[in-house]
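Biologist: I have the chain open and want to go through it with you. Can we begin with the charged side chains?

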Amino acid sequence: MNHKIHYPFANFADTVAVLPASDTMRKTPDNPESDRDADGPLITYFELARVMERASRRFSGLLRTELSKIGVDDIGPAQAMVLLAIGEAELSVGELLDRGYYMGSNISYYLKQLGDGDYIDRIASQRDKRSARIRLSEKGRKLCAGLREAAKSYERALTHGEQDRRNLETAFQTLHRLELVWGNAARYGI
């Protein structure tokens, strides 16, 4: 069954589906059936990575706008993402590094800014005074709640039915699989 999704704010006249290498196809309004391309995939993983990087930059811009609307000007999108990664948990810096893809020096800088802005609380370890656990302060929890509330309006704009929700889930699963494959390939080779 072929489901069409209507987005009044965008023109998807020529969409490309990313499928396994031998199954890539192009769909156009004039030709809804698949056209096999004998020369290989219609899009490459490099092109996909560029789109992902642009989408990430757009999301950072959107997050910066939302922070401004809330009245937060002492942290940026990267620090806000760290707060969202912490969530309701109490974590060590190592655990936070495992949850996100931050460089050690970056996370130290971000945590210092978040601590200076009273967005996080640091709790010294009872066993080892050199290490600490991190959790959101009340100010950090309020900011995360405000960002989650703002995200709901964007989710409503993008999701108009069950098919859209399934498409979002498929996109997430595909990107997660790419993340795992690319990460393993970088570590261990192909």
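Modeller: This is a predicted model, and the salt bridge count in it comes to 10.

Biologist: Which residue meets glutamate 90 in a salt bridge?

Modeller: Arginine 133 does, at 3.8 Å from N to O. That pair links distant parts of the chain, with glutamate 90 in the loop between H2 and S4 and arginine 133 in strand S6, 43 residues apart.

Biologist: How exposed are glutamate 90 and arginine 133?

Modeller: Glutamate 90 is partly exposed, with a relative accessible area of 35%. Arginine 133 is partly exposed too, at 28%.

Biologist: Where do glutamate 149 and lysine 152 sit?

Modeller: Both are in helix H5, residues 138–158. Their side chains form a salt bridge with an N to O distance of 3.6 Å. They are three residues apart, so about one helical turn separates them.

Biologist: Why does that spacing suit a pair on one helix?

Modeller: An α-helix has 3.6 residues a turn, so residues three or four places apart point the same way.

Biologist: And which residue is the salt bridge partner of arginine 166?

Modeller: Glutamate 162, with the closest N and O atoms 3.9 Å apart. These two are four residues apart in helix H6, again about one helical turn. Arginine 166 has a relative accessible area of 40%, and for glutamate 162 the value is 45%. Elsewhere, Glu90, Glu95, Arg133 and Arg135 are joined into one network by salt bridges that share partners.

Biologist: Change of topic. In what order do the strands of the open sheet come?

Modeller: S4-S6-S5, three strands with antiparallel pairing. S4 and S5 are the edge strands, each pairing on one side only.

Biologist: How many bridges join S4 to S6, and how many pair S5 with S6?

Modeller: Two bridges join S4 (residues 91–92) to S6 (residues 132–136). S5 (residues 120–124) and S6 pair over five bridges.

Biologist: Which residues are bridge partners there?

Modeller: Serine 92 has arginine 133 as its partner in S6. On the S5 side, isoleucine 120 pairs with leucine 136, and alanine 124 stands opposite alanine 132.

Biologist: What about the loop leading into S5?

Modeller: Aspartate 118 is in the loop between helix H4 (104–116) and S5. Its phi is positive, about 60°, although it is not a glycine. Most residues other than glycine have a negative phi.

Biologist: Which residue follows H2?

Modeller: Glycine 87, which has a positive phi near 60°.

Biologist: And H2 itself, why do you call it largely enclosed?

Modeller: Seven of its 10 residues (77–86) are buried, so the rest of the structure largely encloses it. Those buried residues are Pro77, Gln79, Ala80, Val82, Leu83, Ala85 and Ile86.

Biologist: What separation do the C-alpha atoms of proline 77 and glycine 61 have?

Modeller: 7.8 Å, with the two residues 16 apart along the chain. Glycine 61 is in helix H1 and is partly exposed, with a relative accessible area of 28%.

Biologist: H1 also holds glutamate 66. Is that one buried or exposed?

Modeller: Glutamate 66 counts as buried because its relative accessibility is 9%, and the cut-off for buried is under 20%.

Biologist: Which residues is glutamate 66 in contact with?

Modeller: Leu147, Ala150 and Tyr154, leaving aside neighbours within four places in sequence.

Biologist: Which residues form the nonpolar patch on the surface?

Modeller: Tyr45, Val181 and Trp182, with about 290 Å² of accessible area together. Tryptophan 182 lies in helix H6, residues 162–188, and is partly exposed at 32%.

Biologist: Now the whole chain. What does the secondary structure come to?

Modeller: Six helices and six strands. From the N terminus the elements run β-β-β-α-α-β-α-α-β-β-α-α. Of the 190 residues, 22% count as buried. The chain exposes about 13,700 Å², and carbon and sulfur atoms supply 55% of that area.

Biologist: What is the mean pLDDT?

Modeller: The mean is 80, and 77% of residues reach 70 or more. Over residues 1–36 the pLDDT is below 50, and that stretch has 41 contacts in the model beyond near neighbours in sequence.

Technical notes: Residues are numbered from 1 along each chain as its sequence is written. Side-chain values use heavy atoms; hydrogens and water are left out. Buried means under 20% relative accessible area, exposed over 50%, partly exposed in between (1.4 Å probe, protein chains only). Contact means heavy atoms within 4.5 Å. Two strands pair if DSSP finds at least two bridges between them. Patches are made of residues with over 30% relative accessible area and no salt bridge: like charges are joined within 9 Å, nonpolar side chains (Val, Leu, Ile, Met, Phe, Trp, Tyr) within 5 Å. Accessible areas come from the Shrake-Rupley method with a 1.4 Å probe; for residues, only the protein chains shown count as cover. A salt bridge is a side-chain nitrogen of Lys or Arg within 4 Å of a carboxyl oxygen of Asp or Glu. pLDDT is the predictor's confidence in each residue, from 0 to 100.
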